[in-house]
Amino acid sequence: MPASDSNVLLKLIRHSVCSHLVRKSKGMEDDAFSLYAGELLDGMQNLRLIQSICSAIRMGKELTKERPKTTSKDVDFDTGEVMVNQISVKKDVWSIAIPTTIAEFKKHFIPLFHCPTLMEDVLNPNNKMVLAGKDTTVTVMSESGTVVREINVVSQLVPLLDTNNVANIQTLINQLFSLEQGTLLYLSSGPSRGEEIKDKLSFADGFQLHFNMLRFHLRSRSQSRMLNLCVYPAARQHPGLTVPSQEQAKDAAREMFQLIFGLGPTTSTKDYREICIQIVNYIAPVSLAPTSTRPEYARQCHHGKSMHDANYSSNAFRRMSDGRIEKSGIQ
C-alpha cells in the first residue's frame, strides 16, 4: 500500500474512533466513560495493524527523500544531559520543565485576575474540578479531605481586561496561548509533532475534552481550562482583543519550548520532539547499545517497540571536564 494511502487510512481510523467515542459518551457516567475510552485508546495503540500502517508511512517518507536525513541523538547517562543534532539540554533544565511552565502560567495569569487566593484554589490540582460549561465548579478540599467551599469558575473568576492597556493584555493572552500549546505538544504523556497541534479541535468539542484528560495528564489541566472558560471568552467579546488561532499553534508551541528549555530561536520543532524522546530513553532505559526505552513508553511517543528501537534510540556520550564530548565506543 502506498504511503499516501496508508496515511489516509490512519486518519480514517482516528476519525472513526473519535466519532465512536462521541456517540458512546451520551448517557454514560464520567468515570465509566473515562475507563472505557482509556482502554479503547490503549488497545488501539497496541494494534499490530496501527504499527504496520505507521511503518508504511515512515518508509514512504524516507523513500521520497533524495538523501535520508541522519539525526544525532545522544544522552549522557551519568549527568542526564540530552543532545539532538548538537542541541543540548542539561538535566537541571529539563527536570524542572513542568514546574517552570506552571510558574510561567501563574506569572501571566496574575495581571488578568485581581483575586490571587481564588486563582490559587482553582489552579490547585488537588481540588476537584467538574466541567459543566458555564456551571463548571471547583471544590476546595482541606488537608483532612473535607469540603471547604465550592467555586463557580466562570461567574467568580472574571478576568479584568484593562481597556486602557489593550496592547499589554493582548501580549499576556498571546503568551498564555503559547504556554498552553507548548504544554499540549511537548509536556504530555508523549510528545507530538509540530503539525499535529494545528489540527487540534476547539476546547468546546466533547471528545477533545476527553482526549485532553487522557493524553495530557502530566500537566495541570486547570491552566488550559481556566484559559478556555474565562480568559478566551472574555477576549473574544472585547473589541480590541483576539485569541490566536490554531494555525498559529505550531509557532506558539515553538516559542514556549525555547523559553522553558532555554533554546535559541534557530532551533527546530522536529528536534524538540526528539529531545523529549531522548529524555524518555534516559528516564526508562532499555540497553540495546544504543539505548531505547520500554514498550509502554515507546507507545506514548506514538511508536511501536521495534520502530522506537530502530529509529529513536540514544547513543551514549560523556561530557569531559574541559567541555569536550566523548562518544561511547559501544553505539
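1. A quick word on burial before the rest: buried means under 20% relative accessible area, exposed means over 50%, and partly exposed is what lies in between, using a 1.4 Å probe and protein chains only. Asp 251, for instance, counts as partly exposed at 42% relative accessibility. Keep in mind that this is a predicted model, where local features need pLDDT of at least 70, side-chain atom pairs count only at pLDDT 80 or more, and totals for chains, interfaces and linings use all residues. Residues are numbered from 1 along each chain as its sequence is written, and side-chain values use heavy atoms, with hydrogens and water left out.

2. On to charges. There are eight salt bridges in the structure, a salt bridge being a side-chain nitrogen of Lys or Arg within 4 Å of a carboxyl oxygen of Asp or Glu. One of them joins the side chains of Lys 106 and Glu 120, at 3.4 Å from N to O. This pair ties together distant parts of the chain, 14 residues apart: Lys 106 belongs to helix H5 (residues 97-109) and Glu 120 to helix H6 (residues 116-123). Helices (H or I, at least four residues) and strands (E, at least two) are DSSP runs, numbered from the N terminus. Lys 106 is partly exposed, with a relative accessible area of 24%, and Glu 120 is partly exposed too, at 38%.

3. Helix H6 also supplies Asp 121, which forms a salt bridge with Arg 149; their closest N and O atoms are 2.6 Å apart. Here again distant parts of the chain are linked, since Arg 149 sits in strand E6 (residues 147-152), 28 residues from Asp 121. Asp 121 counts as buried at 16% relative accessibility, whereas Arg 149 is partly exposed at 33%.

4. Now look at helix H12 (residues 249-261). Arg 254 and Asp 251 form a salt bridge there, with 2.6 Å between the closest N and O atoms. The two are three residues apart in the helix, so about one helical turn separates them. Arg 254 is partly exposed at 22%, as is Asp 251 at 42%. Elsewhere, salt bridges with shared partners join Lys 73, Lys 270 and Glu 274 into one network.

5. H12 carries aromatics as well. The count of aromatic pairs is eight; rings of Phe, Tyr and Trp (its six-membered ring) pair if their centres lie within 6.5 Å, with planes under 30 degrees apart called stacked, over 60 edge-to-face and the rest tilted. Phe 257 and Phe 261 are a stacked pair, 4.0 Å centre to centre with 10° between the planes. They lie four residues apart in H12, about one turn of the helix. Phe 257 is buried at 0% relative accessible area, and Phe 261 is buried at 5%. Both belong to one aromatic cluster with Tyr 186 and Tyr 272.

6. How do H8 and H12 lie relative to each other? The axes of helix H8 (residues 166-186) and H12 come within 7 Å and cross at roughly 85°. Axes are lines fitted to C-alpha atoms, for helices over the stretch in contact, and angles run from 0 to 180 degrees between N-to-C directions. Angles under 35 degrees count as roughly parallel, over 145 as roughly antiparallel, 65 to 115 as roughly perpendicular and the rest as oblique, so H8 and H12 are roughly perpendicular. Among the residues making the contact (heavy atoms within 4.5 Å) are Phe 177 and Tyr 186 of H8 and Met 256 and Phe 257 of H12.
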